[in-house]
Amino acid sequence: MKKLTIIGLALALSACADSSSGGFLSGLTTTDANSSIRQKMQACMVTEAQSKFQAGTLFTKGLSDTADELVATCAKKLALQAAGISEESKSAAENIITGLKSMAQ
């Protein structure tokens, strides 16, 4: 049963891995300021799953573990956005910390 689910998910993601080609999930990866939290969460999870699929890491863990990872990643991203902290700001902060860590060594 798990194999069928994974194969089905692989086929679905391969059909829409490039959202610019108009795959059937391409409409789920975009949101606007009026989108609900649920729509934003779904768009984030689709985008994250596509990224993992293209990187070849989507199926390295079990289905439940991968789903938990997608949910956690997207919940964190949405929480940061709600707090007014963009991913760019987070990335800049990480770069600052990495730079300071390198100087300390």
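Colleague: How many salt bridges does the count come to?
Modeller: Happy to start there. This is a predicted model, in which local features need pLDDT of at least 70, side-chain atom pairs count only at pLDDT 80 or more, and totals for chains, interfaces and linings use all residues. Residues are numbered from 1 along each chain as its sequence is written, and side-chain values use heavy atoms, with hydrogens and water left out. With a salt bridge taken as a side-chain nitrogen of Lys or Arg within 4 Å of a carboxyl oxygen of Asp or Glu, the count comes to three.

Colleague: Which residue forms a salt bridge with K77, and how far apart are the closest N and O atoms?
Modeller: The partner is E48. This pair links distant parts of the chain, with E48 in helix α2 and K77 in helix α3, 29 residues apart; helices here are DSSP runs of H or I with at least four residues, numbered from the N terminus. For E48 and K77, the closest N and O atoms are separated by 2.4 Å.

Colleague: Is E48 buried or exposed?
Modeller: The classes are buried for under 20% relative accessible area, exposed for over 50%, and partly exposed in between (1.4 Å probe, protein chains only). K77, the partner of E48 in the salt bridge, is partly exposed because its relative accessible area is 23%. E48 has a relative accessibility of 16%, so E48 counts as buried.

Colleague: What parts of the structure does the pair of E69 and K52 tie together?
Modeller: Their side chains meet in a salt bridge, 2.9 Å from N to O. The two ends are 17 residues apart in sequence, so the pair ties together K52 in helix α2 and E69 in helix α3.

Colleague: Which of K52 and E69 counts as buried?
Modeller: E69 has 26% relative accessibility, so E69 counts as partly exposed. The value of 15% for the other residue is why the buried one is K52.

Colleague: Which residues are joined into one network by salt bridges that share partners?
Modeller: E69 meets K52 in one salt bridge and K61 in another, where the closest N and O atoms are 2.8 Å apart. K61 is partly exposed, with a relative accessible area of 46%. The network is made of K52, K61 and E69.

Colleague: Which two cysteines form a disulfide?
Modeller: Taking a disulfide as a pair of cysteine sulfur atoms within 2.5 Å, the count comes to one. Its sulfur atoms lie 2.2 Å apart. The partners are in helices α2 and α3, 30 residues apart, so this pair links distant parts of the chain. They are C44 and C74.

Colleague: What handedness does the link of C44 and C74 have?
Modeller: Both ends lie out of the solvent by the accessibility rule: C44 is buried at 13%, and C74 is buried at 0%. The angle about the S-S bond is -85°, and the link is left-handed.

Colleague: Which residues of α2 are buried?
Modeller: This helix has 19 residues and reaches 27 Å from its first C-alpha to its last. Among its buried residues are the disulfide partner C44 and the salt-bridge partners E48 and K52. The full list is M41, A43, C44, V46, E48, A49, Q50 and K52.

Colleague: Which residue takes a positive phi just after α2?
Modeller: The phi angle there is about 80°. The residue is G56.

Technical notes
The expected span of a helix is 1.5 Å times one less than its number of residues.
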